[in-house]
Amino acid sequence: MGRVGTGEAAGAAGLHPVQSPPVPADSVPPPSSAGCLCTVGVLTYGLISFKRGHTRRSQLLMRARILAQGFTFAALLGGMVVTAMKARK
């Protein structure tokens, strides 16, 4: 009997192991990843500033967070449009 979590055990149980699709070597992470990281970074720095009593800086960073979230949303929406256009071809 195979170990749990291996393809051998899944095959014996009649299940198919989950495999991720191959990633092309020249693929670039989508801009939404950068937007998410930027949003988290600005949010974290804003909360730290708020805790330290820098209210003006905290307010500016919260506004920057909104812009970063807008960029992330636009990147996700753009990615969906590009994917839909490629699927039609």
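Is the crossing of α2 and α3 left-handed or right-handed? In this predicted model, the crossing of these two helices is left-handed.

**Helix packing**

Two packed helices are described by the angle between their axes and the distance between the axes. Here, helix α2 covers residues 31–51 and helix α3 covers residues 55–88. The two pack at an angle of about 165°, and their axes are 8 Å apart. Angles over 145 degrees count as roughly antiparallel, and α2 and α3 are therefore roughly antiparallel to each other. The residues that form the contact of α2 with α3 comprise 15 nonpolar, eight polar and two charged ones.

**Annotated spans**

An unreviewed UniProt entry places the feature "transmembrane region" at residues 32–50 and at residues 62–85. The table gives the computed geometry of each span.

| Span | Distance between end C-alpha atoms | Helix | Strand |
|---|---|---|---|
| residues 32–50 | 27 Å | 100% | 0% |
| residues 62–85 | 35 Å | 100% | 0% |

**The largest pocket**

Rolling a probe the size of a water molecule over the atoms shows where empty space is left. The largest pocket in the model has a volume of about 280 Å³. Its lining consists of 10 residues, and those nearest the centre of the pocket are P30, P31, G79, V82 and T83. Which helix supplies the largest share of this lining? Helix α3 does, with six residues. Both helices take part, since α2 and α3 each supply at least two residues of the lining. By class, the lining of the largest pocket holds six nonpolar, three polar and one charged residues.

Notes. Residues are numbered from 1 along each chain as its sequence is written. This is a predicted model: local features need pLDDT of at least 70, side-chain atom pairs count only at pLDDT 80 or more; totals for chains, interfaces and linings use all residues. Side-chain values use heavy atoms; hydrogens and water are left out. Axes are lines fitted to C-alpha atoms, for helices over the stretch in contact, and angles run from 0 to 180 degrees between N-to-C directions. Helices (H or I, at least four residues) and strands (E, at least two) are DSSP runs, numbered from the N terminus. Angles under 35 degrees count as roughly parallel, over 145 as roughly antiparallel, 65 to 115 as roughly perpendicular and the rest as oblique. A crossing is left-handed if the near helix is turned anticlockwise from the far one by less than a right angle, and right-handed if clockwise. Ala, Val, Leu, Ile, Met, Phe, Trp, Tyr, Cys and Pro count as nonpolar, Asp, Glu, Lys and Arg as charged, and the others, Gly among them, as polar. UniProt positions are given in the numbering used here, feature names are shortened, and annotations may be inferred rather than shown by experiment. On a 1 Å grid over the protein atoms alone, a cavity is a set of points where a 1.4 Å probe fits but cannot get out, and a pocket is an open set with protein on both sides within 12 Å along at least five of seven lines; lining residues have an atom within 4 Å of a point. Grid points are joined across faces, edges and corners, and a volume is the space filled by probe spheres set on the points.
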